[in-house]
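Student: I would like to go through this structure by question and answer.
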Amino acid sequence: MADALLTLNAGSSSIKVALFDAADEARSDGRVLPAALWSGQADGLGAGLKARLRVRDAQGNTLHDAALDGARASHQGALAALLDWHARQGDGRRIAGVGHRIVHGGTDFVAPVRIDAQVLEALARLEPLAPLHQPHNLAGVRAATAAFEGVPQVACFDTAFHAVQPEVNRRFALPRALHDAGVRRYGFHGLSYESIVAQLAHVAPELAQRRVIVAHLGNGASMCGIAQGHSVATTMTFSPLDGLTMGTRCGHIDAAVVLYLMRSRGMSADQVETLLFRESGLLGMSGVSSDMRALEASAEPAAAEAIGHFVEQVVQHMGSLASALRGVDAIVFTGGIGENAAGLRERILEDCEWLGVNVDAAANRSGAQRLTTPESPVSAWVLRTDEEAVIAHHTAQVLLG
């Protein structure tokens, strides 16, 4: 009986599941990421959207497509639906391990690790640092543990990729004792950035060891300056709240705003958390939606203002990361918005002309991987992130390597 590895990736409004051949992963060196046998995704969870579950095979053919309503429109409900679908397939493959995306690893987890009760307890203590993600990540672990009794589970951390950053980029200007206690810049979306580094080595190998800014733009959004395949600086810091404007998250904000809200507006810590994580960002600015597609289709002036704010924040952070890298050789777009919103990419690249970007509008609109002219001093690309393949590779290395 062939062995397989299952990956679970629970985001703030989605859950992704994929199945990989364990033998392929055991042979992989991490520079070539094998394709999934099938992949499933539930979108629109907890966001006031129409939730739906889709499963596709390696060729992109639809194996399953169904609406999720009621309890199944939640994260745990969607996960149960995915696992139920898998159980009905009976393809003869034995699940040898389950790999999980865990958003926050804190100071203790800087590499993939096999999950036991002690690890799970330590990760649960980090939930206040990533309230939109960590509880869903750990719910996935518990659900998979129950569904696949005795099968080992592996945690793969979004923060781990950034653990090699220069110390100067990992500190806040706070007393040293707070830094030593864990109040520091962690960075997130590391599994996505790992995926792009691996892909770029094949798509544009001449850039693999140079200075690259990757823009992971989606409902959650961040950017990372990468040199020689390693993280140098990134926009998210202590939690996934900081940095860019996001779907429902405010991004960077003066800390004194929080003090004002609590002291002058009488808001509790829980109310402020809800405001900043769930009611702000594109949703709060537009009053229309957290979804970029809905904003682009809206005639509301506030929707256009929210999009303009998003673009401006990306452009400003582009300059900041170029400074951290002491220059830039390439820009890569990924994530749901980065991969699909051609008009938005064009606006961003046009505003980055000063960096040496000469956008090829026709290539960008046609779905080409390279978005700039051949003579552009700084090239720009769009690559589809594959966090699941990175999780599968790490899981294989922990369990089989």
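The turns below cover the nonpolar cores, a helix pair, the cysteines and one loop residue of this predicted model.

Student: Which element gives the largest share of the largest nonpolar core?
Tutor: This core has 43 residues, and L217, F310, M318, F333 and I348 are those with the most contacts inside it. The elements that give two or more residues to it include β9 (211-216), β12 (330-334), α11 (301-325) and α13 (342-351). The largest share, eleven residues, comes from α11.

Student: How many residues are in the second, separate core?
Tutor: Among its members are V17, W38, V55 and V151. The count for this separate core is 25 residues.

Student: Which residues is M318 in contact with, leaving aside its neighbours within four places in sequence?
Tutor: M318 is one of the residues with the most contacts inside the largest core. Another of these is I348, and it also appears among the contacts of M318. With near neighbours in sequence left aside, the list is I213, M223, I331, I348, C352 and L355.

Student: Is α11 roughly parallel or oblique to α13?
Tutor: The two axes come within 10 Å and cross at roughly 45°. Angles under 35 degrees would count as roughly parallel, and 65 to 115 as roughly perpendicular. The crossing angle fits neither range, so α11 is classed relative to α13 as oblique.

Student: What is the handedness of that crossing, right-handed or left-handed?
Tutor: On the α11 side the contact is made by I307, G308, F310, V311, V314, V315 and M318. On the α13 side the residues are L344, R347, I348 and D351. The crossing of α11 and α13 is right-handed.

Student: How many disulfides does a search of the whole structure find?
Tutor: A disulfide requires two cysteine sulfur atoms within 2.5 Å. The closest cysteine sulfur to that of C224 is in C352, 16 Å away, and therefore too far for a bond. C352 is likewise in no disulfide. The number found in the whole structure is zero.

Student: Are C224 and C352 buried or exposed?
Tutor: Buried means under 20% relative accessible area. C224 has a value of 0%, and C352 also has 0%. Each therefore counts as buried.

Student: Is K50 buried or exposed?
Tutor: K50 sits in the loop between β3 (38-43) and β4 (52-57). Its relative accessibility is 81%, and the cut-off for exposed is over 50%. K50 therefore counts as exposed.

Student: How far apart in space are K50 and D69, C-alpha to C-alpha?
Tutor: In sequence, 19 residues separate K50 and D69. In space, their C-alpha to C-alpha distance is 8.1 Å.

Technical notes:
Residues are numbered from 1 along each chain as its sequence is written. This is a predicted model: local features need pLDDT of at least 70, side-chain atom pairs count only at pLDDT 80 or more; totals for chains, interfaces and linings use all residues. Side-chain values use heavy atoms; hydrogens and water are left out. A nonpolar core is a set of buried Ala, Val, Leu, Ile, Met, Phe, Trp, Tyr and Cys residues joined through side-chain atoms within 4.5 Å. Buried means under 20% relative accessible area, exposed over 50%, partly exposed in between (1.4 Å probe, protein chains only). Helices (H or I, at least four residues) and strands (E, at least two) are DSSP runs, numbered from the N terminus. Contact means heavy atoms within 4.5 Å. Axes are lines fitted to C-alpha atoms, for helices over the stretch in contact, and angles run from 0 to 180 degrees between N-to-C directions. Angles under 35 degrees count as roughly parallel, over 145 as roughly antiparallel, 65 to 115 as roughly perpendicular and the rest as oblique. A crossing is left-handed if the near helix is turned anticlockwise from the far one by less than a right angle, and right-handed if clockwise.
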